[in-house]
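Student: Could we go through this structure together, one chain at a time? I should like to begin with the overall layout and then turn to the details.

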Amino acid sequence: MNHPTPARPLPPAPSFVASSLRIMDLSISEMLWSRRTVFMLLIVSAPVLIALFVRLLVGLGAPLFEETRNGVTTVRMTGPAIFGMMIWIFYLRFTVPVLGVFYGTSLIADEVEDKTITYLFTRPIAKGAVLVGKYLAYLVCTVFVVLPSVMLVYLLIVPMQGSLGGSFLDLLKDLSLLALGLAVYGAVFAFIGAKFKRPLLIGLIFIFGWEQAALAFPGYLKYYTVAYYLQALVPHAMPNDSTLSMIQGIFRQTPGMATSLLGLFVIWAIFLSVAAWVVERREYVLEQ
Amino acid sequence: MTKKTRYFMAGSAAVLTAGLGTGLVAYFVGGFTPVSAAPIANELRYVPADSAVIAYADVRSIMDSDLRQQLKAAMPMHEKGQEEFQAQTGIDIEKDIDYVVAAAAGPTPEAGGLVVARGRFNNTQLEALATQHGGRLEEYQGKRLIHSPDNGGQQMTLAFLEAGLVAIGTKATVQRAIDAQMSSRSVTGNSEMMDLVAEIGNSSNAWAVGRFDTIAQQAKLPAEIASRMPPVKWFAASGHVNGGISGTLRAEANDDASAELLRRQVSGALAFGEMVAKSDPKVGALINSLQLSGSGKTVALSFTVPAELLAMIPAAVERH
């Protein structure tokens, strides 16, 4: 009498964290070598090239930082001040939110567009872990591209009429807040990407419309922006390089460090959790 | 993760590590530029750009110096005031303050004196004590400020700049200090002043550097004296306190001729001093320790006050 072979027990499903890390591992290379990364490299290499050009001009003797009046040479601008302006203008106001929009909104949208989301969702892992894993991959990719660019700008610009050592603490603050900005903007746009159609358009309206307008008006609207909390952590003075930034400077309120960090943490936690929840519950219909 | 991705990430991490390592070395050791050579580069960034004088005192090493211990033993200080100050503020001057950087007013009338102190401060206790005594708390550019009560006199403000770093001065001065750091428009942008700081800062535990012409202008010297003084732009005074006191007074004249005139004047004063001190060998030893040097626009006068001479101070005080 033949006894039927007992079915091999299924291995237990991996935990949420293990699933997220596995998805991250799978997604990093895909994300890093995509066409979007070319765009990212263009964005982050611009300040490095500018810094290199300035350094070259100063090396050739161009009086960019000094002016001589009546035989007396005075320092007009210092390297640390220019570095601070570059952090504001290139990184904080542009690179961080724009990368957040382009990568954050595409975390799920790309899989839907490529019709590959089914392969991920049929694995024995929580759907939310797919989003969290892809979010972690985004964070690793952007941090490993943006922060070295900041480091190169620091090494090129700060020593001109300034001091590497004297600006080192500011550099640490800058690197931390840029990483924090990428994390928080990424979480916000991951939610927008998971929830809405045309997430890229909504994201661009959010960073170049809503955030800019809310910061330019007095009142409580600015509390509902990421920039309000993030800009409070910047150790450099806000440059008044345009009419809008001058108006923003007039109505600028600076919350304390604890308030800013708490605000950013709350935004990050809420949006990432809600994004994972949306992905868990939503039925993605693939176009034939 | 593919091999290509691993290489990319290793490259990025290498750039980050190299940059952070360079910055860290520059932060702790100094170097690369004159400003970072100063051990107080971070504190100087709070000193407004138009300050006429910057001074520094390594409170810790002066407090621990043999000279101070001898003076303390010979002339017991009034400990009560110190204890009262500690009870009021939570700051033990003997132990809690490492060093101070002071800056004196620039040409603008609203600018006052500023003191930036590095040490160990109990922020909560300081805030609680200030509130108890009618002080007012305020936040400015993300920094906590404590304003003393306005009793008709000069209102003082204490600001917590960073962990272990406070600024004390008038409200306007402290706010200007914070603005200077935020805007990177501090005295560190003044390369001439920073060159002097870098030269004297590493070898002494107390020093002062300033614009002589601005100070002379503010001091409102009698016209007769002012007209006969050679035009001096910068001055620097540095001292090292341990068993005795050694130091250097240095002046940077506007041109070589002014420096030569100043050297002749100082030389004459030294000759007169030697003549007067012939009757007293101890004062004679002090005068003999004065060394005039310098070339070009620089005039320097170095001196040494030996411990034996300083040991006479308590006895002289007792006699009076």
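**Layout of the two chains**

Tutor: Read along its sequence, chain A follows the pattern α-α-β-β-α-α-α-α-α-α-α-α-α. Please keep in mind that this is a predicted model.

Student: How many helices and strands does that give for chain A?

Tutor: Chain A has eleven helices and two strands.

Student: And what share of chain A is buried?

Tutor: Of its 288 residues, 46% are buried. As for the contacts in chain A with a separation of 6 or more, 83% are between residues 24 or more positions apart.

Student: What are the corresponding figures for chain B?

Tutor: In chain B, 30% of the 320 residues count as buried. Its secondary structure comes to 15 helices and twelve strands. Among chain B contacts between residues at least 6 apart in sequence, 61% join residues at least 24 apart.

Student: Back to chain A, then. How do H4 and H7 of chain A cross?

Tutor: The axes of H4 (residues 106-113) and H7 (residues 168-195) of chain A come within 7 Å and cross at roughly 30 degrees. Angles under 35 degrees count as roughly parallel, and H4(A) and H7(A) are therefore roughly parallel to each other.

Student: Which residues make the contact?

Tutor: H4(A) contributes A:Ser106, A:Leu107, A:Ile108 and A:Ala109, while H7(A) contributes A:Ala190, A:Gly193 and A:Ala194. By type, the residues of this contact divide into five nonpolar, two polar and no charged.

Student: What follows H7 of chain A, and where is A:Arg198?

Tutor: A:Arg198 is in the loop between H7 and H8 (199-216) of chain A. Its phi is near 55 degrees, a positive value in a residue other than glycine.

Student: Is A:Arg198 buried or exposed, and why?

Tutor: A:Arg198 counts as exposed because it has 11 C-beta neighbours inside 10 Å, and the cut-off for exposed is 12 or fewer.

Student: Now H11 of chain A. What span should its 25 residues have?

Tutor: At 1.5 Å a residue, H11 (residues 257-281) of chain A should span 36 Å, and its end C-alpha atoms are 36 Å apart, which agrees.

Student: Which residues of H11(A) are buried, and what do they pack against?

Tutor: The buried residues are A:Ser260, A:Leu264, A:Ile267, A:Phe271, A:Leu272, A:Ala275, A:Ala276, A:Val278 and A:Val279. These buried residues pack against H4, H6 (127-157), H7 and H9 (226-231) of chain A.

Student: Let us change to chain B. What is the strand order in its open sheet of twelve strands?

Tutor: The order in chain B is S4-S5-S6-S7-S3-S2-S1-S8-S9-S10-S12-S11, with antiparallel pairing. S4 and S11 (291-293) of chain B are the edge strands, each pairing on one side only. From one strand to the next, the twist averages 15 degrees.

Student: Starting at the S4 edge, how many bridges join S4(B) to S5(B)?

Tutor: Five bridges join S4 (residues 136-140) to S5 (residues 143-147) of chain B, and the two strands run antiparallel. B:Glu138 has B:Leu145 as its bridge partner in S5(B), and B:Tyr140 has B:Lys143.

Student: What about the turn of that hairpin?

Tutor: The hairpin of S4(B) and S5(B) has two residues between the strands, and B:Gln141 takes a positive phi near 50 degrees there.

Student: And on the other side, how do S5(B) and S6(B) pair?

Tutor: S5(B) and S6(B) pair in the antiparallel sense over four bridges. One of the partnerships is that of B:Ile146 with B:Leu158 in S6(B).

Student: How many bridges join S1(B) and S8(B)?

Tutor: Five bridges join S1 (residues 53-57) to S8 (residues 206-211) of chain B, again in an antiparallel arrangement. Here B:Val53 has B:Gly210 of S8(B) as its bridge partner.

Student: Which strands does H8 of chain B touch?

Tutor: H8 (residues 123-132) of chain B packs on the sheet and touches S4, S5 and S6 (156-162) of chain B. The direction of H8(B) makes about 35 degrees with that of S5(B).

Student: Where does H13 of chain B lie?

Tutor: H13 (residues 256-276) of chain B lies across S9 (232-241), S10 (245-253), S11 and S12 (298-305) of chain B, running at about 30 degrees to S12(B).

Notes: Residues are numbered from 1 along each chain as its sequence is written. Chains are lettered from A and ligands numbered from 1 in the order in which they are written. This is a predicted model: local features need pLDDT of at least 70, side-chain atom pairs count only at pLDDT 80 or more; totals for chains, interfaces and linings use all residues. Axes are lines fitted to C-alpha atoms, for helices over the stretch in contact, and angles run from 0 to 180 degrees between N-to-C directions. Angles under 35 degrees count as roughly parallel, over 145 as roughly antiparallel, 65 to 115 as roughly perpendicular and the rest as oblique. Two residues are in contact if their C-beta atoms, placed from the backbone, lie within 7 Å. Ala, Val, Leu, Ile, Met, Phe, Trp, Tyr, Cys and Pro count as nonpolar, Asp, Glu, Lys and Arg as charged, and the others, Gly among them, as polar. The expected span of a helix is 1.5 Å times one less than its number of residues. A residue is buried if 20 or more other C-beta atoms lie within 10 Å of its own, exposed if 12 or fewer, and partly exposed in between; C-beta atoms are placed from the backbone. Two strands pair if DSSP finds at least two bridges between them.
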